[in-house]
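Me: I'm new to this one and would like to get my bearings. Can we go through it in a few short questions?

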Amino acid sequence: MSNLITTTAQYITFKLGDELFAINVEQVREVLELSQITRVPTAPPYMRGVVNVRGKAIPVVDLRAKFGLPPVADTVNSRTVVMELELDGETTVVGGIADSVHEVIELEPGQINPPPKIAMRWRTELISGMGRRGDDFIIILDINEVFASQVAALVDSAQATEANTTSAA
Amino acid sequence: MNRQNPAQTFLQEAEDLLGQIEEITLEVQPDAPVGESIHRLFRAFHTIKGSGAMFGFDTVAAFTHHVETVLDKVRDGLVPVSRELIDLLLAARDQIKLLLESAQTGAAVPTEKGDRIIARLNALLPSQALVAPIKKTPASANTGALEVFKIHFRPAADVMASGTNPALLLDELRALGACTVTAHTETVPTLELLQPDQCYLAWDITLTTDKGLNAIKDVFIFVEDTSKLVIQPAGTPPPTADTPAPCATPVPTPASTPANVSPAAPAPAAAPATLRKLSARDAVVRVPSERLDRLVNLVGELVMNQSRLSQLALSADVPSLSGPVEELERLVDELRDNVLGIRMMPIGTTFSRFKRLVHDLSAELGKEIELVTEGAETELDKTVLDQLGDPLVHVIRNSIGHGIELPADRERAGKPRHGTIRLTASHVGSNVVITIEDDGKGIDVEAVRAKALEKKLISPSTNLTEKEVLDLIFLPGFSTAKQVTNVSGRGVGMDVVKRQFDALRGQISMSTNAGKGTKLTLTLPLTLAIIDGLLVEISQDQFIVPMSIVTENVELHRSERGRLNGRNVIPVRGELIPYVHLREAFAMPGEEPEIEKIVIVRHGNERVGFVVDRVLGSHQTVIQSLGRFYRDINIVSGTTIMGDGRVALILDVAGIVAHAGQQPKTATDDPTQKAFTN
């Protein structure tokens with residue numbers, strides 16, 4: 001359920017590969033450099049483990065793996081975006097690892113198109129809109145929806161992942 | 001200061017009182033003489049009525065009034081204590097609870113039920129014409145004879161804040177009989193210090209009355225907990241003595257002094273032995289549990305920081321630092337124990353709830369069942385206790401529904417008509433062990449097996465021991481009830497119970513004896529917040545094993561691995577103990593060292609070893625939940641932050657054993673794998 005964006009808001013942009021993504025800043029608590037991640041055995045691969053964020057153990061998700069993109073090694077630019085989600089009515093904090101985090105931008109509703117229904121490489125129900133900035137397109141994620149589905153691959157690889165991406169639990 | 005809404009305070013108080021009422025009522029035996037229990041019941045209902053009216057719970061007050069009326073007659077011996085009365089008191093208690101809840105939620109409560117209770121209560125009252133005391137008890141020997149009481153009453157300074165006017169209490173006393181009131185004004189401060197909403201006065205009252213001690217106590221019923229109150233019988237008045245004139249001034253004049261002893265104070269030395277101090281109740285502070293939870297969280301963070309500090313002090317190698325750091329460690333440990341201790345509550349509060357359950361359900365099913373409880377004083381963390389009630393209710397319902405037979409059947413089997421359910425709690429190490437035992441017909445192991453086959457939970461070729469068959473009961477969708485009753489067998493069964501206990505990191509085991517009964521044993525950790533842990537390391541990752549289940553550590557040399565026909569077992573003092581190689585089970589990278597360590601832990605009645613690289617030592621573990629993203633992971637029960645800021649996982653024995661049992665490599669018919677099939 002991608003809600004249509006009707007107000008001007010600020011977004012944090014980050015990159016996975018060549019693609020630029022954005023999350024509403026209201027859902028981002030902080031951006032951290034990678035710290036030591038404790039792996040949780042038997043968890044699915046996209047769950048990288050848990051990290052200590054000021055005394056609290058926070059789960060971290062590899063956004064590439066979560067979105068079904070090929071894995072790359074962590075670099076000095078890799079960042080953990082600590083997000084606050086609303087899942088099943090409870091607030092959950094989760095960190096997402098991005099290749100790099102760029103800037104905070106402001107987008108007006110006029111700068112945002114609804115996600116195209118067809119010919120998209122990305123699963124539209126996880127996207128709240130396509131932001132335009134100059135010649136760049138920014139994929140604005142509905143981050144609650146992304147994490148509500150257990151194994152959501154963002155890349156719609158010929159509907160193969162359809163079974164996994166049915167809605168939230 | 002945090003001022004609570006007074007109505008909220010009343011609701012809390014009423015809830016406590018309703019709990020007391022239930023407990024006391026269940027203790028009262030029919031046809032027993034009127035004892036202290038009835039007086040306590042009367043006072044409890046009276047308080048609910050009075051406070052209820054004061055805070056605007058008029059329906060509650062009106063309803064409770066009827067109960068009080070009947071109890072008053074019971075107190076006077078005019079109405080016998082009957083089974084009907086006991087049932088009605090319980091029904092009335094439930095009705096009051098409903099009314100209170102509806103006052104909070106705004107939902108309407110149908111009045112018919114309450115009216116029916118009132119009608120039945122009124123039917124117990126003797127018709128006015130025929131009233132004659134049936135029997136008199138010492139406490140109710142109050143009519144007729146004039147007695148003199150000396151009363152010292154010092155209300156709490158904030159008594160007016162709770163809506164009580166001490167002057168009105170004095171008026172009430174005057175209504176009981178002739179009295180002299182002397183005020184103590186020495187604590188009244190000078191005008192600039194005087195707070196108009198505080199009470200600075202105390203009174204000495206000499207009361208001559210024929211209404212007895214209870215009537216006086218009733219006057220002070222709302223303030224006795226907070227006031228200093230001494231009521232002292234002072235014998236009978238001299239027959240010719242002038243009855244002291246009632247004091248005409250409701251508010252004492254400053255001129256009156258303690259020396260101004262009333263002329264009617266007779267026989268000063270009379271019966272000091274009966275002096276009763278009502279204010280000497282245990283001083284208890286009521287604190288909302290969120291505040292305690294916050295305190296526990298803070299202590300958790302303190303423990304974490306302290307262990308970080310200890311680690312730094314160790315590496316800094318400054319000798320003068322080690323003293324204070326050790327001292328701090330000791331203090332933090334003590335603080336932790338104390339704070340966790342505050343949250344400990346006796347399990348008895350939960351037990352009394354079950355008495356009611358057994359009382360109601362056995363009547364409904366026509367069974368005669370007695371609930372025997374032991375170890376009600378055993379203490380458990382409140383958070384554990386709160387989550388314990390529901391699963392235990394389910395277990396006891398099962399015992400009543402399936403376990404205990406009908407009285408006739410029991411007699412035929414040569415057993416007493418009365419079935420017994422025994423509920424015990426005790427501390428074993430850092431665990432609480434709760435057992436629920438009934439002397440019913442036991443569980444038909446063959447029927448369970450057949451049912452499991454029918455439900456395709458096992459295949460016909462599976463060879464299971466009796467214990468393993470019993471464990472099938474905990475599988476989802478298993479319920480052997482042939483008949484769906486109100487009591488049990490609604491599809492949700494022991495699997496729900498097991499899940500709830502799993503969430504408490506508890507272990508559950510069952511044994512049964514055909515014809516003799518069933519016993520369920522639950523082992524629970526004392527607290528969910530901070531535990532003693534054993535820190536272990538596998539390929540640079542650290543893990544915590546709860547110390548409470550660790551029995552010993554042994555070494556595993558590479559040459560010993562798989563020596564017993566490739567099976568993962570190791571002989572430890574004559575016993576073959578199966579072990580799980582955690583590096584393999586967790587698919588962790590790296591090569592194991594030449595000599596590994598096996599941490600041997602208790603798992604149910606068996607022992608299991610976990611192979612790790614190194615054992616690092618004990619560690620105060622502040623448990624944090626893994627959160628919803630890892631809720632399907634059962635090999636760890638939580639996480640903790642280490643002194644160096646890293647996150648360590650707390651291992652879950654049952655989860656690891658189940659996980660190891662699922663792995664294709666170890667899932668064989670090998671009898672030594674039995675331990676893993678739990």
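What follows is a short back-and-forth about this predicted model.

Me: How many helices and strands are there in chain B?
Reply: It's worth keeping in mind that this is a predicted model. Chain B has 678 residues, and 34% of them count as buried. As for its elements, the count is 17 helices and 22 strands.

Me: What span should helix α5 of chain B have, and how far apart are its end C-alpha atoms?
Reply: Helix α5(B) takes in residues 111-124, which makes 14 residues. At 1.5 Å a residue, the expected span is 20 Å. The distance between the end C-alpha atoms agrees with that, so the value for both is 20 Å.

Me: Which residues of α5(B) are buried, and what covers them?
Reply: A residue counts as buried here if 20 or more other C-beta atoms lie within 10 Å of its own. In α5(B), that picks out Gly114(B), Ile117(B), Ile118(B) and Leu121(B). They sit on the same side of the helix, because they cover an arc of only 100° around the axis. What covers them includes two helices of chain B, α3 (58-75) and α4 (83-105).

Me: And which residues are exposed on the other side of α5(B)?
Reply: Turn away from the side with Gly114(B), Ile117(B), Ile118(B) and Leu121(B), which are the buried ones. On the other side, the exposed residues are Glu112(B), Ala119(B) and Ala123(B).

Me: Which strands stand at the edges of the open five-stranded sheet in chain B?
Reply: The order of the strands is β15-β18-β19-β17-β16, with mixed pairing. A strand at the edge has a single partner, so one side of it is left without a neighbour in the sheet. That description goes with β15 (550-557) and β16 (569-572) of chain B.

Me: In which sense do β17 and β19 of chain B pair, and what is the bridge partner of Val580(B)?
Reply: Strands of a sheet pair through backbone hydrogen bonds, either parallel or antiparallel. Here, β17 (575-581) and β19 (606-612) of chain B have three bridges, in the parallel sense. For Val580(B), the partner in β19(B) is Phe610(B).

Me: Which helix lies across β17, β18 and β19 of chain B?
Reply: Look for a helix that runs at about 110° to β18(B). Residues 653-662 of chain B form that helix, α17.

Me: Which element gives the largest share of the side of chain A that touches chain B?
Reply: The contact takes 18 residues from chain A and 22 from chain B. On the chain A side, β4 (47-53), β5 (56-62) and β7 (90-98) each give two or more residues. The largest share is four residues, and it comes from β4(A).

Key: Residues are numbered from 1 along each chain as its sequence is written. Chains are lettered from A and ligands numbered from 1 in the order in which they are written. This is a predicted model: local features need pLDDT of at least 70, side-chain atom pairs count only at pLDDT 80 or more; totals for chains, interfaces and linings use all residues. The expected span of a helix is 1.5 Å times one less than its number of residues. A residue is buried if 20 or more other C-beta atoms lie within 10 Å of its own, exposed if 12 or fewer, and partly exposed in between; C-beta atoms are placed from the backbone. The arc is that of the directions from the helix axis to the C-beta atoms. Two residues are in contact if their C-beta atoms, placed from the backbone, lie within 7 Å. Two strands pair if DSSP finds at least two bridges between them. Axes are lines fitted to C-alpha atoms, for helices over the stretch in contact, and angles run from 0 to 180 degrees between N-to-C directions.
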